[in-house]
Structure formats: C-alpha cells, structure tokens
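Here is my note on the model you sent for comment, set out as numbered points. Please read it with the structure open beside you.

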Amino acid sequence: MREPILAANWKMHKTIAEAVRFVEDFLPRVTDVEGVEIVLAPPHPCLERVAQALQGSAVRLAAQNVHPEPQGAFTGEVSVPMLADVGCTYTIVGHSERRAIFGETDAFIAQKVAALLARGIRPIMCVGESLAQREAGKTFTVVETQLEGGLQGLEAPQAGELVVAYEPVWAIGTGRTATPEMAQEVHGFIRQQLEKRFGVEAGRVRIQYGGSVKPGNVYELMAQPDVDGALVGGASLDPESFARIVHFQPVEESS
Ligand code: PGA
C-alpha cells in the first residue's frame, strides 16, 4: 500500500510571519488525519521557522529547489546539506516553472535527484507536457523523456524514496484540471515506465497529480488507482483550503 502524499507548493508566496501563521492555523485542522503524509514546501527563508512550528506534528518539510553541488561558488543557490540541516524530508525538483523560466534540463534535474537521495532527502520530481505538446499527441513521449532523463543512475532499491509529480503545464495555475481519467491515463503510463526500470519496486513509487487541485476535485483524482497524492499550488496557500484537500472527501451535493 502506498501512503497518500499531499504536498503544498507555496512557490514565491508568504513571508516568515505569514508562513508561521499558516502552520498555527493549519495544524489543528489536520489532527484527525491518519495514514496520509502531509508536506509543506515554503520558500527558503521560511524553512527554519516553519520547521520549528511543525515540531511535534507529523507534517513534513520540503524545499522547492536545490543545487546538486554540496557547496561552492553558486551565488543564490542552496545545497542539499543546507536543506538537510534545516530539516527537509523532501525537495521538489524539475518543476515546470524551473524548466520553463530558468532553463533547467533533465540532466541537471538528474544531478539534483542523485544528490538528494545520497543525503537521504526524498525528491519530488515533476514531469508534464505543455498544451502544444498534448495537442500534438506528444504527452507520453515528453513524459517518458523527462522520466528517463531525470532518473538517470537511480537504482531500484532507491525507487521507494522517490515521488513523481505529474503536472500537465496547461493545468498549472489555470483552473483547468485534468479529468481524473486523463490523470490516470498518464499516471498509469508513468507506472509502466517505472516498472521497466525498477521492476516490482515501481509499485512503491508515489505518483502525485498537480495542476489546479482544489478541495472540490481532489477526491475524484485521488480515487484513481495510480494517483497517490497531489502537489498543490494556489489552493494550498489558505490553511482551510489545504486542510480540506488533505482530507480529500467527496463534495456534498447542495440540495
Ligand atoms: P496550482 O500549481 O495548484 O496552482 O495549479 C500546482 C503546481 O505548480 O505545483
């Protein structure tokens, strides 16, 4: 059984005070949650204070990015040992915003994945096609290339540490979510690709869906056999909204 993993990707939002306020508001709303892993990925300056605020809870800390080198002349970057030091359990890598805006390549993402795993931090590796790629029928090719490129050198025993986030670029921040069937189709494909590489260990990899996930659509997405969680941007900024997502209950019909 794969434990569902629901992660908040705050992107470039929240000051330290706002981040701590979120945690204080959020934690009491999720004390009843069992068997679900909850992850918060605040901006780097908030990591330490959020780690402190999360102490005593089961909610995990993630960073949104990392550099593969352990130290050196890389102005503006943050290393794996620094993230380990501040208490990160996870780190997001290869988000489509980093690929598109900052030109990150699959080879660079693979270095990050390897550096994180070597230090015991679990990567959340994002893959996903653009609208033009989907319309051109290239979704599977794009996802296959990103998976192969990003997971170079990863061995089967490490596979269980990995989280893959399928985030169709056209669904991110647009309010346009993939249907549960569309998500399952690509998640099933990702699982097959992982099986080719890792054999039975592929069954341990958790695959999150990301792209306009909200309290109202998370239940149906989570009901798909290969959807093991969600990576949530906009709807994770509000504690009540993210708490509802973490509970992933069916939306009650209003009469
Ligand atoms: P969104 O972002 O939920 O705002 O669409 C998801 C993501 O980019 O991780």
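**Notes on the predicted model**

1. I begin with helix H7, which covers residues 139-150 and therefore has 12 residues by the DSSP assignment. From its first C-alpha to its last, H7 reaches 16 Å, close to the 16 Å expected at 1.5 Å a residue. Please keep in mind throughout that this is a predicted model.

2. The buried residues of H7 are Thr139, Val142, Val143, Gln146, Leu147, Gly149 and Gly150. Their cover includes several helices, among them H4 (96-102), H5 (106-118), H6 (131-135) and H8 (180-198), and it also includes the strands E5 (122-127) and E6 (163-166).

3. Turning to the ligand, I find that 13 residues surround it, and that the closest are Lys11, His95, Glu167, Gly173 and Ser212. Sorted by class, this shell is made up of four nonpolar, seven polar and two charged residues.

4. Three polar contacts of the ligand deserve a look in the viewer. An N or O atom in the side chain of His95 is 2.7 Å from an oxygen atom of the ligand, while for the side chain of Asn9 the corresponding distance to a ligand oxygen is 3.3 Å. With Gly234 the backbone is involved, since an N or O atom of that backbone lies 2.8 Å from an oxygen atom of the ligand. On its own the ligand has 280 Å² of accessible area, and the protein covers 95% of that area.

5. Asn217 sits in the loop that runs between strand E7 (206-210) and helix H9 (218-222). Is this loop residue buried or exposed? Its relative accessible area is 18%, and because buried means under 20%, Asn217 is classed as buried. The side chain of Asn217 reaches the backbone nitrogen of Lys214 at 2.8 Å. When residues up to four places away in sequence are not counted, Asn217 touches Thr177 and Ser212, and Ser212 is also listed among the closest residues to the ligand.

6. Thr89 can be read in a similar way, being placed in the loop between helix H3 (80-86) and strand E4 (90-93). With a relative accessible area of 19%, Thr89 falls under the 20% cut-off and is therefore buried. Which residues does Thr89 contact once its neighbours within four places in sequence are left aside? They are Arg60, Leu61, Ile121 and Arg122.

Terms used:
Residues numbered from 1 in each chain as written. Predicted model: local features only at pLDDT ≥ 70, side-chain atom pairs only at ≥ 80, totals over all residues. Heavy atoms only, no water. Near = heavy atom within 4 Å. Polar contact = N/O pair within 3.5 Å; in protein donor to acceptor, adjacent residues only side chain to side chain. Areas by Shrake-Rupley, 256 points an atom, 1.4 Å probe, with all protein chains shown as cover. Nonpolar A, V, L, I, M, F, W, Y, C, P; charged D, E, K, R; others polar. Helix = DSSP H or I, 4+ residues; strand = E, 2+ residues; numbered from the N terminus. Expected span 1.5 Å × (residues − 1). Buried < 20%, exposed > 50% of the residue type's maximum accessible area, 1.4 Å probe, protein only. Contact = heavy atoms within 4.5 Å.
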